[in-house]
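Colleague: I'm new to this one and would rather know one part well than skim everything. Please pick a single chain and take me through it closely, from its inside to the places where it meets its neighbours.

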Protein chains: 4
Amino acid sequence: MLVVMSTQATPDEIDHVLAAIRAMNLTPHPMPGATRTAIGITGNIGAVDPRTLEVLPGVSELLRVTKPFKLASREMRPADTYVKFAQTTIGPGTLTMIAGPCSVETETMILRTAEFMMENGVRLMRAGAFKPRTSPYSFQGMGLEGLKILEKARQKTGIGIVTELMDTDNADAVEASADIIQIGTRNMQNFSLLKRVGKMRKPVLLKRGMSATLEEWLMAAEYVMAGGNYNVILCERGIRSFSDHSRNTLDLSVIPPAKKLSHLPIMVDPSHGVGKREFVPAMALAALAAGADGLLIEVHPDPDHAASDGAQTLDFAAFKKLLENLRRLAEPLGKTVN
Amino acid sequence: MLVVMSTQATPDEIDHVLAAIRAMNLTPHPMPGATRTAIGITGNIGAVDPRTLEVLPGVSELLRVTKPFKLASREMRPADTYVKFAQTTIGPGTLTMIAGPCSVETETMILRTAEFMMENGVRLMRAGAFKPRTSPYSFQGMGLEGLKILEKARQKTGIGIVTELMDTDNADAVEASADIIQIGTRNMQNFSLLKRVGKMRKPVLLKRGMSATLEEWLMAAEYVMAGGNYNVILCERGIRSFSDHSRNTLDLSVIPPAKKLSHLPIMVDPSHGVGKREFVPAMALAALAAGADGLLIEVHPDPDHAASDGAQTLDFAAFKKLLENLRRLAEPLGKTVN
Amino acid sequence: MLVVMSTQATPDEIDHVLAAIRAMNLTPHPMPGATRTAIGITGNIGAVDPRTLEVLPGVSELLRVTKPFKLASREMRPADTYVKFAQTTIGPGTLTMIAGPCSVETETMILRTAEFMMENGVRLMRAGAFKPRTSPYSFQGMGLEGLKILEKARQKTGIGIVTELMDTDNADAVEASADIIQIGTRNMQNFSLLKRVGKMRKPVLLKRGMSATLEEWLMAAEYVMAGGNYNVILCERGIRSFSDHSRNTLDLSVIPPAKKLSHLPIMVDPSHGVGKREFVPAMALAALAAGADGLLIEVHPDPDHAASDGAQTLDFAAFKKLLENLRRLAEPLGKTVN
Amino acid sequence: MLVVMSTQATPDEIDHVLAAIRAMNLTPHPMPGATRTAIGITGNIGAVDPRTLEVLPGVSELLRVTKPFKLASREMRPADTYVKFAQTTIGPGTLTMIAGPCSVETETMILRTAEFMMENGVRLMRAGAFKPRTSPYSFQGMGLEGLKILEKARQKTGIGIVTELMDTDNADAVEASADIIQIGTRNMQNFSLLKRVGKMRKPVLLKRGMSATLEEWLMAAEYVMAGGNYNVILCERGIRSFSDHSRNTLDLSVIPPAKKLSHLPIMVDPSHGVGKREFVPAMALAALAAGADGLLIEVHPDPDHAASDGAQTLDFAAFKKLLENLRRLAEPLGKTVN
């Protein structure tokens, strides 16, 4: 951290800042320059709110070191994290597919989808039993009944289940049914929920908040890991910008810096990113080329009659073709798709 | 809603869209033009996902009517909502102040603040017992003990208590202690929490999500109201943009359209909006002039040693001066401050 | 500036960074900490591209001091700048109005508007002869003929003329006709144009780019001032964000930090900020309360038939009422309106 | 276009809107619904400002068809545009590389770069003689002398030259020297400049404005094409968002909708997109997979000592490796790299 004093700061003001730094149990390093003084700070900075220094008289600016996360940090743990399941492993070297409908609608469609996925080498299925909807008047998901259907699908086909947890009330039920607990974009900073899944044994798929910086996202992962659950999988799904040609702005460029700062695997959800089915395959291929460790894709036996998000959902034929193209592209990148 | 067909759409494609609209129990109104056909749609559109039409062959664009909220809408209820308490009433004609520290730290400082507020004509005090913090290693609030302190302050001084609810687990405790339940920006689309406060009898202060459109914000209010709790107070607290001179971008221009679309009162939190105490008073005055029905201001007896958010917190003297300036400015605007 | 080394940086890597800093003729100040080393830098940093250091091996992060502007800076020149004309002076203590139609349409309407303004105490009129339009098929302004009409209006009424310059080709003509040269939002970083107006004697009204940070805006002012023209007036007109309830997001919160960092006067254009006439007055009042030194308002004798931007334009009656309200509000703020 | 009336609109207000539409020479199609009336509009809508209707009494909302561009539109010209040079052709099926330093620094380095590019099969070199810099105190480019150096490089090696035009003053000189005229992100809505290059015979590389929507970008292309120059190449280079892990937010997801709406080729500049050299290759590969027709890459013989943008610039070895990886990835995508 660096405190930059104003060119007109008085010696008294500088002394006051030095004292304030020491009062925080930190060490100040004053550096007098030609026009102004700067003050470096060392010590355990994570525990203090640096903005307090910014408002002291004579301070012009405060420059913060922006990496307060620890457990999620590659500096602390250089080796890549691999998240292991009965069905597969998520991590570098593999492009892991998680595909399926937006929401559980009927047992028939879930079973049909699970069978189709297993036949095509996809080992994890997504489907929401609890659905976060912008309007209280929209379909809110089948709830506990939906979880039962998902369990049946796993029992019959062996497929792994990825499903969203929206609140602590349903935490036990979702933990019992799911192989991966999904935390949605709107809950990325629902800290009570993050603490709850931090105590679970099941891996957590943590979607990026639609207005979260990379640092805030890794801090959300830190909440889960601080609770003892180290199996966190990041998932980029588009951020909010002024740009209006797509539902969200899929930020593929977050993958390389996320990989640099953190050892956690990172997946991409192009379905929510672009919001229109015809544009999903191109962004799925781009995510693979950008270095993603996996993809979340919305697939439905009959997307035109899906209960939610049909417009961004692929049918079986389109998904099968995408899988082929992904496998072809994965080869020169030294990856396998499963 | 309007479906705009491509200039190259075939008659068959147009017929297919007309059929799809009818299958949704809506009425299509085809309008042939010189270069292309457009299709108007009437009926109960709220229940369908219009994006489904957008992906049909021959469709160029879909134009949506963007007001699916009902109970929050001024069209449904033209008269302004006034939220009434023992201490005061929030609504047009009054600038209601809610002031106090970011978090409950000790009984002494809470009592001192409550007494100072009552002496200065402020009838509602804010203070967090549960604190949403970006880092799991930051002070998370005093929890239930903090609620007890707030109750004591009300008992001794008569001040009304505004405090944040972060999860359903603490819903009963917060409901019992608070006069207004605050829902924070990160929980604006925590739908489980919204449904829970929808069943409460206490008024809800609903902060705007930092990347929420006005429509999404009013839909969040609709969640609360759909549960039976009509006493919702909106609170603008800054949105996320590229602009980096302030902590957030305080969107005062949302006040007039919010007032036009909805009958709910709207407050402004300039402390979180700008993030630096020296800039708070100017934006507080601007919010009053823009038509706000109230202000949330962070005030602390000793901001430099506050446990959280000290950099954006006023001390008693600065707040007293702001109050005077607000009262002077309120007069020509035909408002009273309390 | 501060270079933060990785926790795993080797002594060799640290030495390499120290050498690179010295090679830039800057002074490095190494600060060893418990887990990592940081290196402060002093010297004339403005001339170097700090990003070069960021890519050296072992460097974790680079923290930059972000105020490379000089002439526009309050640190260099503490006293407020007042821009003086025959008609009035722009600067603290006064709310200066600049009002008039989006574009020059006919001599009659310009004369009528100029007379109305002078009768109501407004001494500066805006009107575009050259219009930046998103579509090449929209009305592009009357050009040189429009400038002649504006000159006539000044001759007859004495009003000062504010009009936009879009390119160096018309620089001489616009300089000859205008009292204030307006640089539009899309040209805020048209550096060739900024250099050209830097050589003029007429004051420059510099609109903020719709995606410009405060620093970039002040650097654009610096371009003009570096050419010798110190009479720069800043003008906030709304930034681009995800928020869709208004045409742009009017960033009133930029006023206090702009005033702190720079001695230049700052005006606000609520007409372009909100884009709908019914919402303009509230934001004009808010801008005054936030500390603006003046307002740009679009006014037209018959807005429903204006050639451009009619939807955000006030008619004479609405503007007159706004003027009254501004005058009433200016009093307790210790300002006069003219 | 669709006008949505308020639920409380009177028959008189509806009639007034119908009349206003007819006064614009458009045809209104009233559609009475259960709770409100909507009015469809057909006719030549491009010429009118629809916001005028939005402010009429009783109007609740206006839904616009958002494609006013014609020459750039695929609806008007379904076949892909291929831009042809002596050296190569830009368009679908090929990934065309444009590589070279940020700015012309010396003849030696330009010649060395040109030779390196030709040896490695790259037929187009980028290098700026005129540089748009945020600060007036930064290196502004070598100007006309730089153009001479670029011409020499072409003469000696046969390489095609891509260089930026910043203003109409240097239009003749740049047109004479360049094979492709680059319009930078800050000038995307410099309409005077767009009109000037519209009259040129050389192809134009039009970078996306950093806060431009896809529609505004295509309207900027329309300005060039309306002047008679149909050889426009779009170039995505990152947009401005809140996200701070990269210099800009590279919006690869714009490629598929741009291809759908327009027949123009689209390239990607990952160097400016991400701003750090280590992250450039991943995004170059991703751009290829997303469907880009070409790439702009900053390459310098000695990036650590480049006069500008060294931090995002590859050295020869890194670029050669990237080329190999691009060629390997292009094969399964059915593309060739040149």
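Modeller: Let's take chain A, starting with two of its helices and then moving out to its partners.

A bit of housekeeping before we start. This is a predicted model, in which local features need pLDDT of at least 70 and side-chain atom pairs count only at pLDDT 80 or more, while totals for chains, interfaces and linings use all residues. Residues are numbered from 1 along each chain as its sequence is written, and chains are lettered from A and ligands numbered from 1 in the order in which they are written.

The domain assignment splits chain A into domain 1 (2-63) and domain 2 (83-337); such bounds come from an automatic or database domain assignment. The C-alpha centres of these two domains of chain A are 44 Å apart.

Now for helix 3 of chain A. Helices here are DSSP runs of H or I with at least four residues, strands are runs of E with at least two, and both are numbered from the N terminus. Helix 3 of chain A covers residues 107-119, and its 13 residues should span 18 Å at 1.5 Å a residue, which agrees with the 18 Å between its end C-alpha atoms. (The expected span is 1.5 Å times one less than the number of residues.)

Which residues of helix 3 of chain A are buried? They are M109(A), I110(A), T113(A), A114(A) and M117(A). Looking down the axis of helix 3 of chain A, you'd find these buried residues within an arc of 130 degrees, so they line one face of the helix. That arc is taken over the directions from the helix axis to the C-beta atoms. "Buried" means that 20 or more other C-beta atoms lie within 10 Å of a residue's own, "exposed" means 12 or fewer, and "partly exposed" is in between, with C-beta atoms placed from the backbone. On the face of helix 3 of chain A turned away from the buried side sit the exposed T108(A) and E119(A).

What do the buried residues of helix 3 of chain A pack against? Their partners are strand 7 (94-100), strand 8 (124-126) and helix 4 (144-157) of chain A. A contact between two residues means C-beta atoms, placed from the backbone, within 7 Å. After helix 3 of chain A comes G121(A), with a positive phi near 80 degrees.

Helix 6 of chain A is largely enclosed by the rest of the structure, because 7 of its 8 residues are buried. Those are F191(A), S192(A), L193(A), L194(A), R196(A), V197(A) and G198(A). They pack against helix 5 (171-177), strand 10 (180-183), strand 11 (204-207) and helix 7 of chain A.

Helix 6 turns up again where chain A touches chain B. There, 38 residues of chain A are in contact with 38 residues of chain B. On chain A's side, helix 2 (51-54), helix 6 (191-198) and helix 7 (214-226) each give two or more residues. Helix 7 of chain A gives the most, with 5 residues. Sorted by class, this side of chain A has 13 nonpolar, 12 polar and 13 charged residues. For the classes, Ala, Val, Leu, Ile, Met, Phe, Trp, Tyr, Cys and Pro are nonpolar, Asp, Glu, Lys and Arg are charged, and the others, Gly among them, are polar.

How does chain A map onto chain B? A rotation of 180 degrees with 0.0 Å of shift along its axis superposes chain A on chain B, with an RMSD of 0.0 Å. Superposition is by least squares on the C-alpha atoms of residues with pLDDT of at least 70 in both copies. S211(A) is the residue of chain A closest to that rotation axis, at 3.0 Å (C-alpha). Both copies use the same surface, as 100% of the contact residues of chain A recur in chain B.

Chain D is the other neighbour to look at. This contact takes 33 residues from chain A and 33 from chain D. Helix 8 (255-261), helix 9 (270-274), helix 10 (280-290) and helix 11 (316-330) of chain A each give two or more residues to chain A's side. The largest share, 7 residues, comes from helix 10 of chain A. By class, the side of chain A that touches chain D has 20 nonpolar, 10 polar and 3 charged residues.

A turn of 180 degrees and a shift of 0.0 Å along the axis lay chain A on chain D with an RMSD of 0.0 Å. That is the relation of a two-fold axis. A286(A) is the residue of chain A that comes closest to this rotation axis, at 2.1 Å (C-alpha). Here, 100% of the interface residues of chain A are also interface residues in chain D, so the copies meet through the same surface.
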